[in-house]
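Biologist: Which residues of the largest nonpolar core touch the most other members? Please start there, then follow the chain out to the nucleic acid, giving each cut-off as you go.

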Amino acid sequence: MGTDFIRQRIGGDLDAGNVEGGIVTRFPPEPNGYLHIGHAKSICLNFGVAEEFGGVCYLRFDDTNPANEDEEYVHAIQRDVRWLGFDWGDRLTYASDYFEQLYQFAEELVRDEKAFVDSQSAEEIRIARGTLTKPGQDSPYRSRSVEENLELLQGMRAGQYADGEQVLRARIDMASPNVNLRDPVLYRIRHIPHQRTGDTWCIYPTYDFTHCVCDALEGITHSLCTLEFEDHRPLYDWVLDNINVNFHPPQIEFSRLGLEYTVMSKRLLAQLVSDARVSGWDDPRMPTLAGMRRRGIRPAAIRDFCGRIGVTKSDNRVEMSLLEFCVRQDLEAVAPRGMAVLDPLLVTLTNYPEGQTEELGAAWHPQQPERGERQMPFGAALYIEREDFAEEPPPKYRRLTPGGMVRLRYGYIIHCDEVVKDTEGRVTELRCSYVAESRSGSDTSGLKPKGVIHWVAVHAAVQVEVRLYDRLFKVAAPEGQDLTDTLNDASLRSVQAQVEPAIIASDEPRFQFERVGYFFKDPVDSIAGSPVFNRIVTLRDGRAKGR
RNA sequence: UGGGGUGUCGCCAAGUGGUAAGGCACCGGGUUUUGAUCCCGGCAUUCGCAGGUUCGAAUCCUGCCACCCCAGCCA
């Protein structure tokens, strides 16, 4: 793990003896959607920092707005954090755990004349707030007496008012150049049952009032959040400076993650789900942790990625190639190899005894012979990849051509004698001859074909569905554009592939289909004996290179 | 046009006055029965721009410029 500005700051605080009790951080998601890879950055930071400095990290649900939140998300978030490999131990909390204390602090602010109940409508408040360049106007209710404010606030809590009728506001400065300080709302009335507190409350504290107080109560030593909250820091500090709480965490901001060809806003992701542009939050094309998990990406790859992107304050949009690199690197040593033909072209070996078959040994992992091998059935009828044959090969083409030869990986060298086409001119079959003495491992032919291709014997091939995923969007930065014309309609392609039987018989969840990519048995749609494979990522393609 | 931020290679990102780390990508080359993996090598005389201070600046000062965020009773 590199040392970013936050870790440097924490290390410095530790060295200076500013944090006696050890580091305490928190990951504070609102349960209103699924976690995505941008959250993973924050999770890896908060939990990672706690681990590295011998501290602890809370998982705290920021459930202050029952209108947006749902229990489903609470479960999904816990699952995702755990899947990523982090453990909050007994430090699972909810902002709602502190509702009573929050309320008491609110009364305290009222008693100290630091807050007042405003009876203006939301619209009136908005207008009086001024603009970015014009100062706001004080509310006519700004100087109500402590007694009146207290009675009003208690009345709000008791349910005497309708939604929006009253609101508790901090009394700060309506002329502040920072609009967040223009008497921000601390409590609003919402006659909505809360998923955890039921109908105990009909007033709910806002983020700005809640977050800093929860941080203080939990003794968070470093409150890490994203850049858009930088303007809120004065308010964070104001609240803690004006209530009787003896702990004041520093808020430190870092930039959120941007990733090319996808979006990271929960709003847009939720829209993709509700508009059925994807199959759900766990659609393998989604940048959600649930989606990436279903795609077949392992948590180690995501953690590696989060370590490589760093933590800074600069706006960023990371290239997809970095994520892909992390995914491939993680899978390279782990995934057993197998062969699958995605777009089959029939090859008939004219000199191979009709009806004869044999078994050819093939390593599960060429760099790890200890993993053993499987037997690949071989016969006179084979499938090869359609794109591994070219009638008019481009320069440096290393596969089959009319009159050319290639090696069938772990098998024989074949020679293309005849190209059979249908009436449309489409190639339907290649009639080839095999070199009997070229069998892999006992090759005495002396031939040196320039290429090696994968294949599957027709008589033993199993047809399965393979889902080929591509980027969700056609443009690198889709935000702010119309989904309909930026969405990549080729982001999912389903094909019927021919795979070797050993893959079907294996319990391995992930394979590298040689020369094609890494694939994962879809955990939802696979049936015993009839798996559906998701393409996790393609193999790196060095085809452009010379040599 | 008010406030808050950010600008170092195509993308991330070190660097905190001593003469531009690293990763990804890309480009060579080697090994290879996966055009994969692996291995070697290349890749910013320059740090948004312009001045200034200094023996010396990406790092300090001044002035510009560009981009991002903020006017929810969302977080």
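Modeller: A nonpolar core is a set of buried Ala, Val, Leu, Ile, Met, Phe, Trp, Tyr and Cys residues joined through side-chain atoms within 4.5 Å; buried means under 20% relative accessible area, exposed over 50%, partly exposed in between (1.4 Å probe, protein chains only). This is a predicted model, in which local features need pLDDT of at least 70 and side-chain atom pairs count only at pLDDT 80 or more, while totals for chains, interfaces and linings use all residues. Residues are numbered from 1 along each chain as its sequence is written, chains are lettered from A and ligands numbered from 1 in the order in which they are written, and side-chain values use heavy atoms, with hydrogens and water left out.

The largest core has 55 residues, and I37, V81, L272, I302 and F305 touch the most other members. Its largest share, seven residues, comes from α3 (helices are DSSP runs of H or I, at least four residues, and strands runs of E, at least two, numbered from the N terminus). Contact means heavy atoms within 4.5 Å; leaving out residues up to four places away in sequence, V81 touches F27, L35, I43, F47, L59, F86 and W88. Apart from this core lies another, of 39 residues, including Y103, F105, C212 and V245.

Two of the residues named above, I302 and F305, are among the buried residues of α11, as are P299, A301 and C306. These five cover an arc of only 160° around the axis, which puts them on the same side of α11; the arc is that of the directions from the helix axis to the C-beta atoms. An α-helix has 3.6 residues a turn, so residues three or four places apart point the same way. The buried residues of α11 pack against α2 (37–52), α3 (71–84), α10 (289–295) and α12. Just after α11, G310 has a positive phi of about 80°.

α11 (299–309) also leads to the RNA: with α5 (122–128), β6 (185–189) and α12 (320–332), α11 supplies at least two residues each to the surface near RNA strand B. A residue is near a strand if one of its heavy atoms lies within 4 Å of it. The largest share of that surface, four residues, belongs to α12. In total 65 residues surround RNA strand B, and R190, R308, T312, R337 and S440 are the closest. By class there are 18 nonpolar, 21 polar and 26 charged residues, where Ala, Val, Leu, Ile, Met, Phe, Trp, Tyr, Cys and Pro count as nonpolar, Asp, Glu, Lys and Arg as charged, and the others, Gly among them, as polar.

On the RNA side, 65% of the strand B atoms within 4 Å of the protein belong to sugar or phosphate, and the rest to bases. A polar contact is a pair of N or O atoms within 3.5 Å; within protein, one must be able to donate a hydrogen and the other to accept it, and residues adjacent in sequence count only if both atoms are side-chain atoms. A polar side-chain atom of R129 lies 2.9 Å from a phosphate oxygen of RNA strand B, and a polar backbone atom of Y207 is 3.0 Å from a phosphate oxygen. For D62, a polar side-chain atom is 2.8 Å from a sugar or linking oxygen of the strand.
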